[in-house]
Amino acid sequence: MAQFDVVVEVVQAKEADEDFEKPSISTRFKNFCLRNMLSIGTIFSVIIGIFLPQPAVYLSQRMPVANICIIVLFFTIGLRLRLVEAKSAVKFYKEVIVGLLLVLFVGPVFATNVLNQVPYFGSFIGDEQNLRNSSKNSSEEMAILGPEEFRLALQIYYMCPSAPATSLILVTAANGHRGLSILLSILCVIISVFIIPPMLAWSVPTLQHVRLNVGQVLLDIMIRILLPLMIGRCLRCVPPVKKVVTKWNDTIKYVGIGFVLVLFLVKVSETSASGVLDKVSVMNILCAVVLGTGLATFNALSTYGFMSILPWFSNKSNVTLSILSCNRLVTLAATIVDVLPDNIGDKGLLVLPMVFIYLASLLMSNAFVSVVKVKEEDTELDKPSQTTEQDKDINNSTINSNINEGAIFTIYTDEMSVKDEQL
């Protein structure tokens, strides 16, 4: 009887400890908002930009807000960039090659060609540039998917590579290959800086009409994206700077997200203030988002089906490449829009559908992950028989997938527990 009382007391004590450690509703709400700061902030930025555009327009008229936001954003990404797990994926050269082809060439070329054939867009980018639509369709048909800016927005969006942190969170939740996700995302972002301008000039008819200066666009992208990214990464290698970055990691993350939100706010505000947004209906935006999300869904399903029939790749690699093929880096897309010449159309109308497609694609990706999640027994099969020092480092930086499933919308969240001496 005494033993039974002791057991009961122990159980009650454990239950009391669990109740004590359970965070309050306000704490959970705060954590949810911080994890999903980009998604929640994006929605508010669009709403404020539409209904209260004057402050952002006033600010953008007096300083280059967009340039500042882009440079600071990629500088913070460089400061927080970790390469520990990426080193473990170097030996998977087959997966890396296939992943680069899928993300940088197959997906963008397919999406661009499909969008070139879709007839149901209007014509805001100079009526003389859209004679193919005006000669083939009635005005009612042309209005279904919105103005020609929406077509161009989708094409630019799908030219961009995978979103590194978002893909990492989704891959972790699916028990995929984290190292492969990190390595591929980094390589894709760097390579895309050089290949996106010529691909846009060669494959997008709208940009052929405006005679896009590929060299100038490439130079602008390198200065605004690649240079800040490399400077931030190099500074991280300096021990004193690395200590500061490690200590203030979350603060730097939120600063980067804040500048992304300001960039979205400025672009939408400028469009709203000009009155162009009044000519676009909610149905136009909804139809464009459905089309964009459908392309992302097709990329995910077709990649997963294609990779599944190949005998050379594990299930973890299949899931990882499928997730990378359907997620795009919306901040890079917005950056490309900003460096394009002014005669390509209203830049706010270009950014607007990208934002909503990004959010809708995350919902789709969340559902996709729940379906293709790798089972634990499959994960065990991928573990090496001999544990190396590098494997120990990777195990020390593993994220619990249950934690990340609650942060699926977080773009620059990096909750890895990495030792201070690691890069």
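**Figure 1. Lys-267 and Asp-338 meet through their side chains in a salt bridge, with 2.6 Å from N to O.** A salt bridge is taken here as a side-chain nitrogen of Lys or Arg within 4 Å of a carboxyl oxygen of Asp or Glu. This pair links distant parts of the chain, since Lys-267 belongs to helix α15 (residues 249–274) and Asp-338 to helix α18, with their positions 71 residues apart. Lys-267 and Asp-338 are both buried, a term that stands for under 20% relative accessible area, whereas exposed stands for over 50% and partly exposed for the range in between (1.4 Å probe, protein chains only). Through salt bridges that share partners, Arg-224, Lys-267 and Asp-338 are joined into one network. The model is a predicted one, in which local features need pLDDT of at least 70 and side-chain atom pairs count only at pLDDT 80 or more, while totals for chains, interfaces and linings use all residues. Residues are numbered from 1 along each chain as its sequence is written, and side-chain values use heavy atoms, with hydrogens and water left out.

**Figure 2. Asp-338 also forms a salt bridge with Arg-224, in which the closest N and O atoms are 2.4 Å apart.** Here too the pair links distant parts of the chain, with Asp-338 in helix α18 (residues 330–339) and Arg-224 in helix α13, 114 residues apart. Asp-338 counts as buried because its relative accessibility is 11%, and Arg-224, with a relative accessible area of 14%, is likewise buried. Helices (H or I, at least four residues) and strands (E, at least two) are DSSP runs, numbered from the N terminus.

**Figure 3. Glu-148 and Arg-151 form a salt bridge within helix α9.** The closest N and O atoms of the two residues are 2.7 Å apart, and the partners, both in helix α9 (residues 148–159), are three residues apart, which is about one turn of the helix. Glu-148 is buried, with a relative accessible area of 0%, and Arg-151 is buried as well, at 1%. Side chains of opposite charge can pair when their charged atoms come close. A search of the whole structure finds four salt bridges.

**Figure 4. The side chain of Ser-60 makes a polar contact with the side chain of Glu-270, at 3.2 Å.** A polar contact is a pair of N or O atoms within 3.5 Å; within protein, one must be able to donate a hydrogen and the other to accept it, and residues adjacent in sequence count only if both atoms are side-chain atoms. Ser-60 is placed in helix α4 (residues 54–60) and counts as buried because its relative accessible area is 18%. When neighbours within four places in sequence are left aside, Ser-60 is in contact (heavy atoms within 4.5 Å) with Val-65, Val-266 and Glu-270.

**Figure 5. The largest nonpolar core has 107 residues.** Such a core is a set of buried Ala, Val, Leu, Ile, Met, Phe, Trp, Tyr and Cys residues joined through side-chain atoms within 4.5 Å. The residues with the most contacts inside this core are Ile-156, Tyr-157, Leu-200, Leu-207, Ile-323, Ile-336 and Met-354. Helix α19 (residues 347–372) gives the most to the core, with 15 residues. Beyond its neighbours within four places in sequence, Ile-323 is in contact with Ser-167, Leu-170, Val-171, Ala-174, Phe-368 and Val-369.

**Figure 6. Asn-318 is a buried residue of helix α17.** Helix α17 spans residues 315–326, and the relative accessible area of Asn-318 is 4%. With neighbours within four places in sequence left aside, Asn-318 is in contact with Tyr-304, Met-307, Ser-308 and Phe-313.

**Figure 7. Leu-219, Ile-223, Leu-227, Ile-231, Leu-235 and Val-238 make a nonpolar surface patch of about 470 Å².** Patches are made of residues with over 30% relative accessible area and no salt bridge, where like charges are joined within 9 Å and nonpolar side chains (Val, Leu, Ile, Met, Phe, Trp, Tyr) within 5 Å. Accessible areas come from the Shrake-Rupley method with a 1.4 Å probe, and for residues only the protein chains shown count as cover. One of the patch residues, Leu-219, is placed in helix α13 (residues 214–236) and is partly exposed, with a relative accessible area of 43%.
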